[in-house]
Structure formats: C-alpha cells, structure tokens
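Student: I should like to take a close look at a single part of this protein. Please describe one helix and its surroundings in a connected account.

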Amino acid sequence: MSKRKACMLIGISRSSHHYKHKPKNDEPVIATLNKLVDKHANIGFWQCYYRLKNRGEGINHKKLYRVYTSMKLNIRRKRKRRIPARVKQALSVPDQANQMWSIDFMSDRLTDGRSFRILNIIDDFNRESLGIEVDTSLPTLRLIRKLEQIVEQRGYPSNIRVDNGPEFISHKLQQWCEKHHITIQYIQPGKPTQNGYIERKNGSMRREVLDAYMFTTLNETRELLSDWRRDYNNERPHASLNYLSPINYAKVRNSKQQMPVSIIHRNFLGCPASKQDEPYEKIYVDNTTAKQNYD
C-alpha cells in the first residue's frame, strides 16, 4: 500500500506524515533577555522587544514573548518597602494638652463575618480619647479628615506618635503634617510598647466593648463605641491619673488653684507608692513646681 492511500485511510495529510520535529533553539534569545534584565531590573516585554528591534536584531515578537513568559519575566516581584531606621523615643508624660497625640488602628468582625477597622486617637497629656472612627476601610485620607475634625475643636498638636502602618507612612499624611508644622514620631517596628498610652486604651476598649458584645451592623458599633468614649472621658477613673477621669484630670491640672502634693499622680512626681507618701507633710504648691519642691 502506498503512503498516499495509507494517509487517506487513517485520515492524516501526507505533509504531517513527512514532518520531522525540529528542536527549538532559544538559547540566543534567553541570553539576550538575561542581559537586558540584569541591566534593567524593571523592564517589561515591549521595552525588551523594541530595544532589540532598534539594535537590528530581527526577533519575531511572538517568539520573544514565548521565551519571555517561559522565563517568568512577566511576573513582577513586589518589592518590600524599606522603612527608614526609627529612633526609640522616650514615652514621657506631656506637660499640657496638644503636645503629643497617639494614633493607632484596631480591627474586629461583625456577626456576618465582615471585618471592620477602628481608628483611635488620644491626647497623651490626660489620655483623653479625641476621636473614634469605625468603617470597613480607613485609608490615609479618612485619617486626615478625622484629624481635621478634631483640630477644629482643639487646635493642632505639636507631635503625633504612630507605628509604621501604610496609613502612617503615606506621603499624604507626611505632607499634611509638614503643612501644619506637626512632627511625626514613628515607633520602632515590632515595638508596640513604645506607643504604650494608645495600646493601653486599645486594651480597655477590647475588653470592655469588642470582646463583650456581638455587632451586627457598623452603625450599632459606632453607637456603642461613642457611648463608651463618652464614659471613658468623663466618668471612668484612670489609675495613672490618680483615679480621675481624663476630663476632670485636665481641669485639675489646668486650674490656677493650689493643690496638695498627695493628689498629684505619682507618674508626674516620680515619687514612691502612696502608702510611703503618708509621712510627708501636705505641702500646698503650684502644679509646675510640685516635683521640685517634693525633691
């Protein structure tokens, strides 16, 4: 039987029968692409093609793309953003309001599984909660908008202390702070204790609200956190503030009346525990000279 009849019987063309596979030699193209990629790390396919075309190397663009993808050059590796070295800052108590604000984010979930975020802002002077923002997404622009709302009532802070989250290292926040002469103090990565005041408040909110209730809607979450913030600022005693609320503590510190040393909280004086303070006389002094006279 002839080849023609055999090809007809099995249903293939004679050209397919006579075809002999020729192995593809892609080594020259691979070597050329490697040289380009080594010199230009972020180069794309069409940049490679036109560079080679302008050099006079007649490589078909379909062949070049096949080799390009086989080398996995089309998968761009996401580079990790480098964070500048952070200097450890002392966690001191400010002498007055608006010297230092601390900002941080929290997260939780609704009963239907949707996650949401919580923006917390406090004044380190009296631990007052300046604002709480709740939503499924809180980008940098929302953060700036919330800060501007607080500034309308309190004025601008001198400094803000934040971690290295994407919202805080954003150029938009840095530009806003530079415009209003605000210094951003970044804590060191992995050192949340360097932002201890806001972390302490986050823990209280977690225990007293987020872990105590189940939320079905964002509005329900906002309403409950708003009530909690109102109680936190006006009624809740704080051990670090000599068991005064943040609002009452600020009134005491800002008043011109003289007060006994014994009611100024220990963190401000730097003196020992209250039981050891009993032998000392109650010396009535002004707040600004309390520590000096005690020493």
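Tutor: The account below begins with helix α5 and then turns to a residue of helix α3. The model is a predicted one, in which local features need pLDDT of at least 70, side-chain atom pairs count only at pLDDT 80 or more, and totals for chains, interfaces and linings use all residues. Residues are numbered from 1 along each chain as its sequence is written, and side-chain values use heavy atoms, with hydrogens and water left out.

Helix α5 spans residues 61-70; helices here are DSSP runs of H or I with at least four residues, strands are runs of E with at least two, and both are numbered from the N terminus. Within α5, L64, V67 and Y68 are buried, where buried means under 20% relative accessible area, exposed means over 50%, and partly exposed lies in between (1.4 Å probe, protein chains only). These buried residues lie on the same side of α5 because they cover an arc of only 105° around the axis, the arc being that of the directions from the helix axis to the C-beta atoms. On the face turned away from that buried side, α5 carries the exposed residues K62 and S70.

The cover over the buried residues of α5 includes α3 and α4 (45-54), with contact defined as heavy atoms within 4.5 Å.

The ends of the helix can be described next. At the N-terminal end, N60 caps α5, with a side-chain oxygen 2.8 Å from the backbone nitrogen of K62. A polar contact is a pair of N or O atoms within 3.5 Å; within protein, one must be able to donate a hydrogen and the other to accept it, and residues adjacent in sequence count only if both atoms are side-chain atoms. After α5 comes K72, which has a positive phi, near 60°.

Helix α3, one of the elements covering the buried residues of α5, comprises residues 27-39 and contains T32. T32 is buried, as its relative accessible area is 16%. A polar atom of the T32 side chain lies 2.8 Å from the backbone oxygen of P28. Leaving out residues up to four places away in sequence, T32 touches L52 and E57.

In summary, α5 has L64, V67 and Y68 as buried residues, K62 and S70 as exposed residues on the opposite face, and N60 as the cap of its N-terminal end.
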